[in-house]
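Work through the exercises below with the sequence and the model at hand. Try each task before reading its solution.

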Amino acid sequence: MRLQIEQLRLVTIVLVAPLLNVLLNILINKISEQHPLGIRKELIWWLTILISVTLAFLSLSDAEVYDYKLGYFALALIVIFVFHCLYIWRKYLLSISSKILASSRRKKILFQGTLLISLLVILTIWVFREIDTTKKIRLEKNEASNLRYEKNLDYFAEGVKIKNDEIKYHALKEGIKDLQEIRNVRKSWFVNEYPTTTPIYNLQQITNYLEKSQAVQEQDISEHPLWTLEFSPDGELIATGGWDTKIYLLDKSLKPIDTQQGLEEVITSVSFNSQRDTLAVGTRRSTLQTFHVNQRNKLQLSNVNSWNTDTGQGGILTLSFNPVKNDIIATAGWDGKVRLWNIRSKRRIDEFRNHQDPVRSISFSSDGKILATAGEDGKVFLPELDKFKTFSKYGNTSTQNWIWSINFQPNGKLLGVAGEDGKVGIWNTSSGEFIKKWDTKQGRVTNVRFSSDGEQIATAGWNGTVKLWNLSGKLMGKWNIPSPITSLSFSPKSKQIAAARLDGKVSLWNIKQLDDKELNELINRSCKILNENPNRVQEEDIEKLCPKPNN
């Protein structure tokens, strides 16, 4: 129905333009009693184009316009008028070099023509921007579409769970429709990236599953839960560990490189320094252990390899290297205190306590001057490290709820906060105020991480989902795995997301944006599945979504 209304508007404008031209000719003929020439003819074109373009813009101003043909029609009218003007002024333009200075009337006409064409060029640019804005508004602000995209993958997962082929293939059909819609928007000259990438990732997972290929890269690491994971600063290595007290080193494709036995203590946190030559490991018995990462990507115990941090009975819950000072590391945990250490001398540099309950997460700003802390008391603090006695208290982020994870945006302007209540908030680090907060619907959010460009946020849920968001809280992608996720890490180039799982596995997702060729290949793979299973979906739906090429 909506499309029919838009088509009716378009047809109306197409018919109105020539009709107006005829009526204006009759009117001017009757008034002047002669055939309109010169300025009268130009007046007719002025009024015709003005009214026609105005009608087109009135329709285009509706943010729910479906196919945007009205805006392009307005552009066509403008182009026709420009060519008409050039035709009228052709004799003046051809003689400009020899005669333009000889007549003030010609100078006036040339000036008017130049001014008119300049205004039309500006108007054309404005119309293109309106078309672009209309498209983005429709898909960026359409919460129903994002919700539909997300539910389609859940629908497919339910079909897999209850072994219902009808549900699975219906989800495949809807996934193809969603992706084709997004692909059509991507064809716009001014839309440089997809308003949402959820349909792309959804269709990849559904197609991979039905092809019986691996939807997600996975690696069995341990028979026991993994509790922590982190990419190295260059994105080439992944370190992880957990309840079996071992430290595992993988490459970026999840191929195991090295395994080291720790101190027979549960490993709760790992962190690389910025030079990638040192890996620090925190344990539940408060021990901090450091390993040297050699040029062959093997772990070696460093000369000063371990010491007790006196964190309390629950031990170290989180640790992080200073991104600027490679020898400085911060630890925090069960006793609510944050401590700074020099890993070369094992000397404690400083210690402060802002939290009355265990500290679950810490994060350094990129310049190493601010260390954000958050914990089970539901509070976040941002002390400046060169002013240990003056702390900025930004209060509760959520009532009576733990904060599980915080993470600085790379430029330090924003701080992502996630907690027990399933909500994610983005803070302005200057004012300490929330600028955006939304419910992820993931249950407990165990990790929140900014991408390296600071434009996306990844969240990990205890319900076994990883979600990718933009800064406005719009869902960009979603992945399901059959295990709670305990830790999450973005690769430095934001092309991969890795996650540690409670079932002892590590999962890896490639999140690079597909080009047009790769999108077409994905749609063709999906259509091939539909065509090979014609009884699963109505035949007319297959023909509409996946038309066979003409021989």
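**Exercise 1.** Are Tyr 201 and Trp 479 buried or exposed?

Solution. The model is a predicted one. In it, Tyr 201 is buried, and Trp 479 is buried too. Next, consider how their rings are arranged. The two residues form a tilted aromatic pair, with 4.8 Å from centre to centre and 45° between the planes. Then locate them in the chain: Tyr 201 belongs to helix α9 (residues 198–210) and Trp 479 to strand β25 (residues 475–480), 278 residues apart. Last, look for further rings: Trp 509 joins Tyr 201 and Trp 479 in a cluster linked by ring pairs.

**Exercise 2.** Classify the ring pair of Trp 402 and Trp 404, then the burial of each residue.

Solution. Planes under 30 degrees apart count as stacked and over 60 as edge-to-face, the rest being tilted. The planes of Trp 402 and Trp 404 meet at 45°, with the centres 5.6 Å apart, so this pair is tilted. For burial, the relative accessible area must be under 20%, and exposed means over 50%. Trp 404 has 12%, so Trp 404 is buried. Trp 402 has 31%, so Trp 402 is partly exposed.

**Exercise 3.** Which residues does the disulfide join, and where do they lie in the chain?

Solution. A search of the whole structure gives one disulfide. The disulfide joins Cys 527 to Cys 546, with 2.0 Å from S to S. Cys 527 lies in helix α10 (residues 516–532), and Cys 546 in the segment after α11 (539–545), 19 residues apart. The angle about the S-S bond is -75°, and the link is left-handed. Both cysteines, Cys 527 and Cys 546, are buried.

Methods: Residues are numbered from 1 along each chain as its sequence is written. This is a predicted model: local features need pLDDT of at least 70, side-chain atom pairs count only at pLDDT 80 or more; totals for chains, interfaces and linings use all residues. Side-chain values use heavy atoms; hydrogens and water are left out. A disulfide is a pair of cysteine sulfur atoms within 2.5 Å. Helices (H or I, at least four residues) and strands (E, at least two) are DSSP runs, numbered from the N terminus. Buried means under 20% relative accessible area, exposed over 50%, partly exposed in between (1.4 Å probe, protein chains only). Rings of Phe, Tyr and Trp (its six-membered ring) pair if their centres lie within 6.5 Å; planes under 30 degrees apart count as stacked, over 60 as edge-to-face and the rest as tilted.
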